[in-house]
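Me: I would like a close look at one part of this chain. Please pick out a single charged residue and walk me through its surroundings.

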Amino acid sequence: MALKVAIVGLPNVGKSTLFNALTQTAAAQAANYPFCTIEPNTGDVAVPEPRLDALAAIIPSKEIIPARINFVDIAGLVRGASKGEGLGNQFLANIRDCDAVAFVARCFEDDDITHVEGRVDPLSDLEIIETELMLADLESLEKRVINWEKRSKTGDKDAAQNFRLASLALAQLNAGKPAHLAQIPEEDEKAWRML
């Protein structure tokens, strides 16, 4: 199973261009207007690993299968995406299906390329993206935590663990910090990733 990586950023920052470079294709249309990408583009890339050939020379195999990364070019997020702005809810759902998130920010000046915020400020852009992701996480967890709390009171151990972990995540989010910065006990790491 390939690692699935979402490529995320504001519109017109180079996400589709990066996707095309990583996948060595021209599968993602890149144009100078916001929301050129609506449906996510996906591309599967083999991870180069010279040790794989060395192992195959020692232990012959019928087939050599390299590790793979699946890149997902997500449409641009805008301020208010967590509340549905710019089809934000659809894009946020696409991000939830991924294992990792790669943030892309525009760091170049070019009057011919539109910027949705009207200025080039990569740190502010990254803050917008992180805030929208945190707000989406907050909303999602607040809906689910009620059910986990009820079920945990009936003795459901999985629900109790989920409730405890969700409470940790909510504490981080309510403090204005991303949930992934929460200190999670080692024995809870697998459940944390599934949360």
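Reply: What follows looks at R106, then at its neighbours, then at the rest of the chain.

Keep in mind that this is a predicted model. Start with the place. R106 is found in the loop that runs between strand β4, residues 100-103, and helix α4, residues 122-152.

Now the charge. R106 is buried, yet it has no salt bridge. Which side chain of opposite charge is nearest to R106? That side chain is E109, and it is 5.7 Å away. A salt bridge needs a side-chain nitrogen of Lys or Arg within 4 Å of a carboxyl oxygen of Asp or Glu, so the cut-off matters here. At 5.7 Å, E109 makes no salt bridge with R106.

R106 does have a polar atom close to the backbone. A polar atom of the R106 side chain lies 3.0 Å from the backbone oxygen of F108.

Next, the contacts. Leave out residues up to four places away in sequence, and R106 touches N12, V13, I113, T114, H115, V120, P122 and D125.

Take N12 from that list. N12 sits in the loop between β1 (3-8) and α1 (15-23). N12 is also buried, with a relative accessible area of 14%. Its backbone has a feature to note: phi of N12 is near 60°, a positive value in a residue other than glycine.

Now go back to E109. E109 lies in the loop between β4 and α4. Is E109 buried or exposed? E109 is exposed, with a relative accessible area of 66%. E109 and R119 are ten residues apart in sequence, and their C-alpha atoms are 8.9 Å apart in space.

So much for R106 itself; now for charged pairs that do meet. How many salt bridges does the structure hold? It holds seven. One of them joins D44 and R68, with the closest N and O atoms 2.5 Å apart. D44 belongs to strand β2 (residues 41-46) and R68 to strand β3 (residues 68-73), so this pair ties together parts that are 24 residues apart in sequence. D44 is partly exposed, at 40% relative accessibility. R68 is partly exposed at 32%.

Another salt bridge is made by the side chains of R151 and D156, at 3.2 Å from N to O. R151 is partly exposed at 33% relative accessibility, and D156 is partly exposed at 24%.

The side chains of R164 and D188 also meet in a salt bridge, at 2.7 Å from N to O. This pair links distant parts of the chain: R164 is in helix α5 (residues 157-174), while D188 is in the loop between α5 and α6 (189-194), 24 residues away. R164 is partly exposed, with 39% relative accessibility. D188 counts as buried, at 3%.

Step back to the whole chain. It has six helices and four strands. Along the sequence they follow the pattern β-α-β-α-β-α-β-α-α-α. Of the 195 residues in the chain, 37% are buried. Among contacts with a separation of 6 or more, 60% are between residues 24 or more positions apart.

End on the outside. The accessible surface of the chain comes to about 11900 Å², and 54% of that belongs to carbon and sulfur atoms. L55, I58 and I59 make a nonpolar surface patch of about 340 Å². Of these, L55 is in helix α2, residues 50-58.

Note on methods. Residues numbered from 1 in each chain as written. Predicted model: local features only at pLDDT ≥ 70, side-chain atom pairs only at ≥ 80, totals over all residues. Heavy atoms only, no water. Helix = DSSP H or I, 4+ residues; strand = E, 2+ residues; numbered from the N terminus. Buried < 20%, exposed > 50% of the residue type's maximum accessible area, 1.4 Å probe, protein only. Lys, Arg positive; Asp, Glu negative; His and termini not counted. Polar contact = N/O pair within 3.5 Å; in protein donor to acceptor, adjacent residues only side chain to side chain. Contact = heavy atoms within 4.5 Å. Areas by Shrake-Rupley, 256 points an atom, 1.4 Å probe, with all protein chains shown as cover. Patch = residues over 30% accessible without salt bridge, like charges linked within 9 Å, V, L, I, M, F, W, Y side chains within 5 Å.
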